[in-house]
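Student: I have a structure open and would like to understand the labels attached to it. Could we go through them together?

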Amino acid sequence: MKNLVSISKDADKLLCVLYKEFLNRRKNGFTKMAARRFKAGTIPTLEPITDWQASDITDAMLELAKADLLRILLGGDCDLNDQAIIYMENRFKDGLKEVLSFLANFIP
């Protein structure tokens, strides 16, 4: 993976939301494989992207897939790639606490 990840602000926000959920799942005892899998219908219910249009979520997902951070499966489910997890671990060294602080900026 490149040292510099170049994605839009919307794709970055979605990645942070997915990573936050991944960390929560791991904290709650999910296996890594289960924690990184997102069902298509659950992504629009995650805060703070509940007000996003479905097409905007899809667009951000496709952008993350092009950047090799997300793997989109048939049916719309997706997995965070190892590259995404590594990137986010290096970006938010304090883990969930730091991600929550970052995402708090997007919640009115």
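Tutor: Gladly! Let us start in the loop between helix 3 and strand 2 (70-72), where Asp-68 is found. Keep in mind that this is a predicted model.

Student: What makes Asp-68 stand out in its backbone?

Tutor: Asp-68 has a positive phi of about 60° although it is not a glycine.

Student: And why is Asp-68 called partly exposed?

Tutor: Its relative accessible area is 47%. Buried would need under 20% and exposed over 50%, so Asp-68 with its 47% counts as partly exposed.

Student: Where else does the backbone deserve a look?

Tutor: Try the loop between strand 1 and helix 3, which holds Pro-48. The peptide bond from Glu-47 to Pro-48 is cis, with omega near 5°. Another spot is Gly-29, which follows helix 1 and has a positive phi near 95°.

Student: How do you know that the length of helix 1 fits a helix?

Tutor: Helix 1 covers residues 9-27, which is 19 residues. The expected span is 1.5 Å times one less than the number of residues, so helix 1 should span 27 Å. The C-alpha atoms at the ends of helix 1 are 27 Å apart, which agrees.

Student: Why is helix 1 described as mostly covered?

Tutor: Because buried means under 20% relative accessible area, and 14 of the 19 residues of helix 1 are buried. For the protein as a whole, buried residues make up 41% of the 108 residues.

Student: What makes helix 1 and helix 4 roughly perpendicular?

Tutor: Their axes cross at roughly 90° and come within 11 Å. Angles from 65 to 115 degrees count as roughly perpendicular, so helix 1 and helix 4 earn that description. On the helix 1 side, the residues that meet helix 4 include Leu-15, Tyr-19 and Phe-22. Among their counterparts in helix 4 are Ile-85, Tyr-87 and Met-88.

Student: How do you know that helix 1 and helix 3 are also roughly perpendicular to each other?

Tutor: The axes of helix 1 and helix 3 (residues 54-66) cross at roughly 85° and come within 9 Å. That angle lies in the range of 65 to 115 degrees, so helix 1 and helix 3 are roughly perpendicular. Here Asp-10, Ala-11, Leu-14 and Leu-15 in helix 1 meet Ile-57, Ala-60, Met-61, Glu-63 and Leu-64 in helix 3.

Student: Now the charged side chains. Why is the pair of Asp-82 and Arg-36 called a salt bridge?

Tutor: The closest N and O atoms of Asp-82 and Arg-36 are 2.6 Å apart. A salt bridge asks for a side-chain nitrogen of Lys or Arg within 4 Å of a carboxyl oxygen of Asp or Glu, so this pair qualifies. The pair links distant parts of the chain: Asp-82 belongs to helix 4 (residues 82-91) and Arg-36 to helix 2 (residues 32-36), 46 residues apart.

Student: Are the two partners, Asp-82 and Arg-36, buried or partly exposed?

Tutor: One of each! Asp-82 has a relative accessible area of 41%, so it is partly exposed. Arg-36 has 14%, and since buried means under 20%, Arg-36 counts as buried.

Student: What makes Arg-37, Arg-71 and Asp-79 one network?

Tutor: Take the pairs in turn. Arg-37 forms a salt bridge with Asp-79, with the closest N and O atoms 2.4 Å apart. That pair links distant parts of the chain, from Arg-37 in strand 1 (residues 37-38) to Asp-79 in strand 3 (residues 78-80), 42 residues apart. Arg-71 and Asp-79 also meet in a salt bridge, at 3.6 Å from N to O. Salt bridges that share partners join Arg-37, Arg-71 and Asp-79 into one network.

Student: Why is Asp-79 called buried?

Tutor: Asp-79 has 7% relative accessibility, under the 20% limit, so it counts as buried. Arg-37 at 31% and Arg-71 at 44% are partly exposed.

Student: How many salt bridges does a search of the whole structure find?

Tutor: Six salt bridges. Those discussed here include Asp-82 with Arg-36 and Arg-37 with Asp-79.

Student: And what pattern does the protein follow along the sequence?

Tutor: It reads α-α-β-α-β-β-α-α, with five helices and three strands.

Definitions and conventions: Residues are numbered from 1 along each chain as its sequence is written. This is a predicted model: local features need pLDDT of at least 70, side-chain atom pairs count only at pLDDT 80 or more; totals for chains, interfaces and linings use all residues. Side-chain values use heavy atoms; hydrogens and water are left out. Helices (H or I, at least four residues) and strands (E, at least two) are DSSP runs, numbered from the N terminus. Buried means under 20% relative accessible area, exposed over 50%, partly exposed in between (1.4 Å probe, protein chains only). Axes are lines fitted to C-alpha atoms, for helices over the stretch in contact, and angles run from 0 to 180 degrees between N-to-C directions. Angles under 35 degrees count as roughly parallel, over 145 as roughly antiparallel, 65 to 115 as roughly perpendicular and the rest as oblique. Contact means heavy atoms within 4.5 Å.
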